[in-house]
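Here is a short report on one protein chain. Please look over the sequence and the model before reading on.

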Amino acid sequence: MTAGWTEDRVGALKKLWLEGQSASQIAKQLGGGVTRNAVIGKVHRLGLSGRAAPSQPARATFRPARPRPAQPTQAPSAPRRIEAVQPRVAAAASVPAPMPDLPGTATVMTLGAHMCKWPIGDPSSTEFSFCGRRASEGVYCIEHARVAYQPQVKRGGATDLARSLRRYI
């Protein structure tokens with residue numbers, strides 16, 4: 001059973017809270033069965049929302065950056081677009097053939113809201129990218145949407161036969 005909130009404990013709680021201690025750290029220091037949730041509840045009931053300093057973690061979580069493998073130095077290339085220039089001719093609505101998976105122009109960091117999010121390549125390789133062309137009415141461009149959203153194939157054969165025989169069984 002937990003001990004009650006005495007005047008001394010409440011005073012220590014206020015002091016530690018305003019110093020920026022976390023609820024877990026305060027519960028450890030108060031001891032006597034006081035839990036983190038009990039500290040949070042008491043802080044809320046006392047109205048101690050503001051702190052002099054933000055809560056400090058018990059230990060630092062700094063991790064040094066992993067060294068990256070050395071890559072051959074190349075001069076940075078200018079951004080490029082892989083969209084084909086289409087002549088502005090009023091022609092009948094023809095269905096363009098799906099484009100082959102060329103290297104995309106968008107990375108995870110450069111992918112925007114209205115860009116095609118079709119993945120190109122192996123995600124574990126450094127050449128992995130996304131299509132990056134203008135997305136039509138979803139997350140993919142017209143060509144990739146045709147590949148991604150195939151019309152449902154109507155099942156026939158045995159299922160139709162089984163369905164028609166159900167009424168006789």
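At what angle do helix H1 and helix H2 pack, and how far apart are their axes? The model is predicted. In it, H1 (residues 7-19) and H2 (residues 23-30) pack at about 145 degrees. Their axes are 10 Å apart.

## The H1 and H2 contact

The crossing of H1 past H2 is right-handed. On the H1 side, the contact is made by Arg9, Ala12, Leu13, Leu16 and Trp17. H2 contributes Ile26, Gln29 and Leu30. By class, six of these residues are nonpolar, one is polar and one is charged.

## Overall layout

The protein chain has five helices and two strands. Read from the N terminus, the order is α-α-α-β-β-α-α. Of its 169 residues, 21% count as buried. Take the contacts between residues at least 6 apart in sequence: 48% of them join residues at least 24 apart.

## Helix H3

Helix H3 spans residues 36-46. Its buried residues are Val39, Gly41, Lys42 and Val43. The cover over these buried residues includes H1 and H2. After H3 comes glycine 47, which has a positive phi, near 75 degrees.

## Salt bridges

How many salt bridges does the model contain? The count is two. Side chains of opposite charge can pair when their charged atoms come close.

One pair is lysine 15 with glutamate 19, where the closest N and O atoms are 3.1 Å apart. Both residues belong to helix H1. They are four residues apart, about one turn of the helix. An α-helix has 3.6 residues a turn, so residues three or four places apart point the same way. Lysine 15 is exposed, at 51% relative accessible area. Glutamate 19 is partly exposed, at 42%.

The other pair is arginine 133 with glutamate 143, at 3.7 Å from N to O. Arginine 133 lies in the loop between strand E2 (129-130) and helix H4 (142-148), while glutamate 143 is in H4 itself, so the salt bridge ties together parts that are 10 residues apart in sequence. Are the two partners buried or exposed? Arginine 133 counts as buried, at 13% relative accessibility. Glutamate 143 is also buried, at 15%.

## Cysteines without disulfides

The disulfide count is zero. Why is cysteine 116 not bonded to cysteine 141? The sulfur of cysteine 141 is the closest cysteine sulfur to that of cysteine 116, but the distance is 3.7 Å, too far for a bond. The cut-off for a disulfide is 2.5 Å between the sulfur atoms. Cysteine 116 is buried, at 0% relative accessibility.

Cysteine 131 is likewise in no disulfide. Its nearest cysteine sulfur is that of cysteine 116, 3.8 Å away. Cysteine 131 counts as buried too, with 6% relative accessibility.

## In brief

H1 and H2 pack at about 145 degrees, in a right-handed crossing. Both are part of the cover over the buried residues of H3. Of the salt bridges, one joins lysine 15 and glutamate 19 within H1. The other links arginine 133, in a loop, to glutamate 143, in helix H4. Cysteine 116 and cysteine 141 have sulfurs 3.7 Å apart, and the model has zero disulfides.

How values were computed: Residues are numbered from 1 along each chain as its sequence is written. This is a predicted model: local features need pLDDT of at least 70, side-chain atom pairs count only at pLDDT 80 or more; totals for chains, interfaces and linings use all residues. Side-chain values use heavy atoms; hydrogens and water are left out. Axes are lines fitted to C-alpha atoms, for helices over the stretch in contact, and angles run from 0 to 180 degrees between N-to-C directions. A crossing is left-handed if the near helix is turned anticlockwise from the far one by less than a right angle, and right-handed if clockwise. Contact means heavy atoms within 4.5 Å. Ala, Val, Leu, Ile, Met, Phe, Trp, Tyr, Cys and Pro count as nonpolar, Asp, Glu, Lys and Arg as charged, and the others, Gly among them, as polar. A salt bridge is a side-chain nitrogen of Lys or Arg within 4 Å of a carboxyl oxygen of Asp or Glu. Buried means under 20% relative accessible area, exposed over 50%, partly exposed in between (1.4 Å probe, protein chains only).
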